[in-house]
Structure formats: structure tokens, C-alpha cells
Amino acid sequence: GRSKRGTARAARQPVRHRQCSILMGAVRSRSLLILAQLAASTAAALTTPGRLVLLRHGESAWNAAGRFTGWEDVPLTPRGEEEARTAAELLLTEAGDLRIDTVYTSVLGRALRTAGLCVEALRRNGRPPPPILPTWRLNERHYGMLQGLDKRDTLEKWPDPAALREWRLSFAGRPPPMAADHPFYSRSPERLAALRAANADGEPLRDEDVPLTESIADCVSRVRPFWENELLPALLDGSNCLVVGHANGLRALVACVQQNVDDESLPSLGLPNGLPLIYELEPDGSVRHPSEGRCYVPPLQAYYLGDACLVFNALDQDRSGALSRDELLDVCRASFDSIDGDGDGQVAAEELAAACGDELLRDADSNGDGLVNFLEYMAWWNRQKRGAAGTSLKSFDQ
């Protein structure tokens, strides 16, 4: 007969086989998991990130009137609607084969309308109409108690001009908060209802999410979760995204996209109404810059569509991103023939004064720093095209 030891050894064999099978199965599962993760990371590395298009809404009624707008919901002017259509035309004609997969926008009507006009233009030209996804995180900076005030009157009459400048043009400056009796109180029941209706499919909007004042730093904090949790993943997955927003809301987004923009430069970054600005990304989410044949204005590492950037850079001889008085004199020289109406090579003193660098600087330098950045240049140029002297205060606070 079989010894007790042999019998025990034979009994242990199935157990060993089962243990080996379990171990080998675990090894295979682990190997498959590693291979799947490797394949996914390889695929991600091979995926070309989508392009990010930033577009500030067309001119609004309060832009035209020179009022602090912020979270107040005001419509586009007819000029603003035309600016939106022109922006869509630039995307169709100058962005190559760019296909817009998703449009993100704020919940304010001027941005929603601009987005809608762009999508309609794409549809009319045979492009698939992308979905429009509103989010309150892309709303404009809240101007607190200044909201609704006339800018020029406020600048002329405010008892503390230094504080007003700090609120408007610094990174951390925050106007005094809006009180409940403010005529445009943002947390009134009707305004909250309208904001939530426009935001119906987006991240829920709580009462406390509606600010009563903000700095640009506050805007960056509000926008960053949208960038990190929604927009950046979509771009890295290959989606081309159009973001239609507001001057300071888009500046806040730029601070998330482009890490090397310093806080002091952020309030004056060039985001004119209706002029598309395009970022290209690397697979790790960093900005790809520059792209050959594209027009940039420092410090932005995104390129503009249209001719305005090319003209500005032709004047900006030191490539600083802003025009000095001496560089503005080239505008005067280029304009001499049109000023010299009788062709005798002489210009009357008052005509020359209206065209000289000092006069241009006074007219175009909205923030009073002695230079004309791209945003100020575009605001000034658009006024010349309209033949209106107009206020130069529309550039920054929208």
C-alpha cells in the first residue's frame, strides 16, 4: 500500500495546482492591466490636442454707452451682432480646417448671442453646428457697487481716484460690494432666476456663487475649476473648443492656460470685441508657441486672426506689445498724404496737432501708462473707422 507520506503528497498536488493557477491568473490580469495602461498612455501621447479659440462677445449696449457692465445682462448692439458675424467669418476663412467641436460660453445674453451667431454662421457654411454649453464660471468680473455707473462720470467725480484706479486696473483690486438696495442687485430673485435658467444644464448655481464684487484674482479662482475639470481635459482629448466670454473672464482663463503671464499684465491683455484668439497646446497641456505664419502680440502666446495684429506689429518696432509715442508718430507720417488735402506738402498747425504722436497717445492711452497696448489700439482704431471721437474708456471694464 501507499505510505502515509505519499498519500499526503498526492493530496497536496491539486492544492498546489490551484494555487499556481490563481497566481498565474493574477499575473496575467496584472500584465493585461499594465498593457492596457501603457496603450492608453501611448494613445494619449499620440492624440493631438485640440485648439482653444477665445472670443470676446460683440459690443453690448453698455459697452457702447460706457457703463460698468459686469454680471448685468445687457444685449448686443447691432454693431456687436456684426462683430460676432465677422468673427465667425474669420474662423471660416483664416483658421484653416479648424472644426469647432464644442462652444462654451457664459450665461449672460451678450455672450450667448455671440456664440449663437457664430454657430449659425458655421451651419450656413456646411460645418457641423457644435453644442453651446453655458456656465456661470465664464461670467464677466463683477464690478460691485460700480456696476451700471457711467465710467467717465465716475472717473471724473469719484472722491478717491487712486482707489478707483486700483479697483479697475490692478490684479487684486476689488470695488466695494454691491448692497441689496443697488438698482442692479445681482442676487435679486428675478436676476437669480434668469441666471439659473440660462445655466440650466451646467454646474448648479448657488446664491453664494453669485458675487457682489470681484477682483481679477477672484475671477481666476472662479474660472480655474472649469479649466482644470472640463476645458483642459476636452482639449487634451482632441476637441477644438470655442470659448465665448468677456474681457476679464477671458483674461482669467488666459491666466490658467498660460502660466507665464504675470499678475500685473493680466488686467490689460488684448482681448478686443469680436477678434478670435487661438491657443495651440502640447500633449502635456503646455502652450505650443509660436506657430509659423501666425501673428502674436506679447505677452500672449496665442495668435490673432485678421489683419489688425499685423498692422499693430508693423508699428511695434521693439516688439514690446505696446506702442510708444515715437512709434505712434509713424501713424502720423503714414497719414500725411490724407491730411494734406490740397497736396501742397504743407499741413495746417491744427491738422498736424490732431495727427501727432502726443495727440494720438492722449486719445488712445486708456489706462494712462504712457503706452498704447493692443487692446487700446483696437479701441482707438475702431473709433476712427466709425468717425467718432467717443470715449476711450470702453476698452478695459466690460
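Arg56 stands opposite Gly245 in strand 4. The model is predicted, and this pairing belongs to a parallel arrangement of strand 1 with strand 4 that spans 5 bridges. Strand 2, residues 102-105, also pairs with strand 4 in the parallel sense, here over 4 bridges. Thr102 has Cys241 of strand 4 as its bridge partner.

Strand 4 is covered on both faces. Cys241, Val243 and Gly245 lie on one side, and each is buried. Leu242 and Val244 lie on the other side and are buried too. With 5 of its 5 residues buried, strand 4 is therefore largely enclosed by the rest of the structure.

Helix 9 (residues 247-257) was examined next. Here 11 of the 11 residues are buried, so helix 9 is likewise largely enclosed by the rest of the structure. The buried set includes the polar or charged positions Asn248 and Arg251. Also among them are Leu250, Leu253, Val254 and Val257, together with Ala247, Gly249, Ala252, Ala255 and Cys256. These buried residues pack against strands and helices alike. The strands are strand 1 (52-56), strand 4 (241-245), strand 5 (277-281) and strand 6 (287-288). The helices are helix 8 (216-236) and helix 14 (374-386).

Helix 6 covers residues 161-169. Its buried residues are Ala163, Leu164, Trp167, Arg168 and Leu169. Helix 5 (151-157) is part of what covers them. In an α-helix, residues three or four places apart point the same way, because there are 3.6 residues a turn.

Key:
Residues are numbered from 1 along each chain as its sequence is written. This is a predicted model: local features need pLDDT of at least 70, side-chain atom pairs count only at pLDDT 80 or more; totals for chains, interfaces and linings use all residues. Side-chain values use heavy atoms; hydrogens and water are left out. Buried means under 20% relative accessible area, exposed over 50%, partly exposed in between (1.4 Å probe, protein chains only). Helices (H or I, at least four residues) and strands (E, at least two) are DSSP runs, numbered from the N terminus. Contact means heavy atoms within 4.5 Å. Two strands pair if DSSP finds at least two bridges between them.
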